[in-house]
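This report describes one protein chain, as a whole and at one chosen residue. The sequence and the structure come first.

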Amino acid sequence: MIEWGYSVSIPFGDNDRYDLVVDDGGILYRVQCKTAWSNKDDTFRFNTHSQTTKNGAYHEHTYHGEIDAFLVYYPPEETFYWIDATEATEQKMELRFESEIDHPSINWAEAYEFDGNLPSSNEPS
């Protein structure tokens, strides 16, 4: 994010649900960073929830209302994706590179590819 000219802050401690705060000069974004993995042909996935074990019990927590976006890194393509938290699914989200069909439920990777512009940077001034 810094290489694109944004100010980036890292929360102190580990009690926050977000990994970074990105400042575009007008808006602060609470960002959760994730690494994606290949899921099947032409798709990849990332978790949209956290998983912890405490006192022997398994816990899952969504980020609903606690972050503004996911910044997802997909290592095989060395590419970042910016997914607004309101567009993310509850457990895992799948992004697709190609498909023989075009269906409204498909999340196209190209639509989320991060080009260095945050959502507010795309709005007319």
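The text below covers the chain overall and then the surroundings of one glutamine.

The coordinates are those of a predicted model. The chain holds 1 helix and 10 strands. Read from the N terminus, the order of elements is β-β-β-β-β-β-β-β-β-β-α, which puts the helix after the strands. Among contacts in the chain with a separation of 6 or more, 51% join residues 24 or more positions apart.

Overall values for the chain are listed here.

| Property of the chain | Value |
|---|---|
| C-alpha trace along its principal axes | about 50 × 45 × 25 Å |
| Residues that count as buried | 32% of the 125 residues |
| Exposed area | about 8,200 Å² |
| Share of that area from carbon and sulfur atoms | 45% |
| Positive side chains | 8 |
| Negative side chains | 24 |
| Distance between the centres of the two charge sets | 12 Å |

The residue chosen for a local description is Q32, which is part of strand β3, a strand formed by residues 28–35. Is Q32 buried or exposed? Q32 is classed as buried because its relative accessibility is 6%, and the cut-off for that class is under 20%.

The side chain of Q32 has a polar atom 2.6 Å from the backbone oxygen of R17. R17 is also among the residues that Q32 touches, leaving aside those up to four places away in sequence. On the same basis, Q32 touches Y18 and D19, and further along the chain Y63, I67, A69, F70 and L71.

Definitions and conventions
Residues are numbered from 1 along each chain as its sequence is written. This is a predicted model: local features need pLDDT of at least 70, side-chain atom pairs count only at pLDDT 80 or more; totals for chains, interfaces and linings use all residues. Side-chain values use heavy atoms; hydrogens and water are left out. Helices (H or I, at least four residues) and strands (E, at least two) are DSSP runs, numbered from the N terminus. Buried means under 20% relative accessible area, exposed over 50%, partly exposed in between (1.4 Å probe, protein chains only). A polar contact is a pair of N or O atoms within 3.5 Å; within protein, one must be able to donate a hydrogen and the other to accept it, and residues adjacent in sequence count only if both atoms are side-chain atoms. Contact means heavy atoms within 4.5 Å. Accessible areas come from the Shrake-Rupley method with a 1.4 Å probe; for residues, only the protein chains shown count as cover. Lys and Arg count as positive and Asp and Glu as negative; His and the chain ends are not counted. The place of a charge is taken as NZ of Lys, CZ of Arg, CG of Asp or CD of Glu.
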